Amino acid sequence: MNPRKMMELTRMQQEFKKNHPKVFPFLKAASEKAMQEGSIIDISVTTPAGEVLRTNMKVRTEDLELLKEWKNMREK
């Protein structure tokens, strides 16, 4: 990846963390404590107009393998 682009992405991530301080601790806790086969991930988004979009998924073994690979890539 382009070093300049990586620096920009790092800056954007830091800004995101500053603006939304609860998101990364939540994701860390969820991945350490609740992310296991059979867990249900439920996501909803409410638009400014009040429309709610919602979905969920049951975590499968294959999903955990993908998450593990993503985590390994981030650590390199």
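**Exercise 1. Place Val-23 in this predicted model and decide whether Val-23 is buried, partly exposed or exposed.**

Step 1. Start with the secondary structure: Val-23 belongs to helix 2.

Step 2. Turn to the surface. Val-23 has a relative accessibility of 30%. Buried would need a value under 20%, and exposed a value over 50%, so Val-23 counts as partly exposed.

Step 3. For a sense of distance, pick Ala-49, which is 26 residues away from Val-23 along the chain. Their C-alpha atoms are 23 Å apart.

**Exercise 2. Describe the largest pocket: what is its volume, and which element gives the most to its lining?**

Step 1. The volume comes to about 1100 Å³.

Step 2. The lining has 24 residues, and those closest to the pocket centre are Leu-27, Lys-28, Ser-31, Leu-67 and Arg-74.

Step 3. Three elements each supply two or more lining residues: helix 2 (23-34), strand 1 (40-46) and helix 3 (61-75). Helix 2 leads with 9 residues.

Step 4. Now sort the lining by chemistry: 15 residues are nonpolar, 3 polar and 6 charged.

**Exercise 3. Find the salt bridge partners of Glu-8, Glu-32 and Arg-54, and work out how each pair sits in the chain.**

Step 1. The whole structure holds 4 salt bridges; we take three pairs here.

Step 2. Glu-8 pairs with Arg-11 at 2.7 Å, N to O. Both residues are in helix 1, 3 residues apart, or about one turn of the helix. Glu-8 is partly exposed at 32%, and Arg-11 is also partly exposed, at 42%.

Step 3. Glu-32 meets Lys-28 at 2.6 Å, N to O. Because they are 4 residues apart in helix 2, about one helical turn separates them. Glu-32 counts as exposed at 53%, while Lys-28, at 49%, is partly exposed. Remember Lys-28 from the pocket: it is one of the residues closest to the centre.

Step 4. Arg-54 joins Asp-42 at 2.8 Å, N to O. This pair links distant parts of the chain, with Arg-54 in strand 2 (residues 52-58) and Asp-42 in strand 1, 12 residues apart. Arg-54 is exposed at 61%, whereas Asp-42 is partly exposed at 40%.

**Exercise 4. Which residues make the nonpolar surface patch of about 430 Å², and where does Met-6 lie?**

Step 1. The patch is formed by Met-1, Met-6, Leu-9 and Met-12.

Step 2. Met-6 lies in helix 1 (residues 3-19).

Step 3. With 45% relative accessibility, Met-6 is partly exposed.

Methods
Residues are numbered from 1 along each chain as its sequence is written. This is a predicted model: local features need pLDDT of at least 70, side-chain atom pairs count only at pLDDT 80 or more; totals for chains, interfaces and linings use all residues. Side-chain values use heavy atoms; hydrogens and water are left out. On a 1 Å grid over the protein atoms alone, a cavity is a set of points where a 1.4 Å probe fits but cannot get out, and a pocket is an open set with protein on both sides within 12 Å along at least five of seven lines; lining residues have an atom within 4 Å of a point. Grid points are joined across faces, edges and corners, and a volume is the space filled by probe spheres set on the points. Ala, Val, Leu, Ile, Met, Phe, Trp, Tyr, Cys and Pro count as nonpolar, Asp, Glu, Lys and Arg as charged, and the others, Gly among them, as polar. Buried means under 20% relative accessible area, exposed over 50%, partly exposed in between (1.4 Å probe, protein chains only). Patches are made of residues with over 30% relative accessible area and no salt bridge: like charges are joined within 9 Å, nonpolar side chains (Val, Leu, Ile, Met, Phe, Trp, Tyr) within 5 Å. Accessible areas come from the Shrake-Rupley method with a 1.4 Å probe; for residues, only the protein chains shown count as cover. A salt bridge is a side-chain nitrogen of Lys or Arg within 4 Å of a carboxyl oxygen of Asp or Glu.
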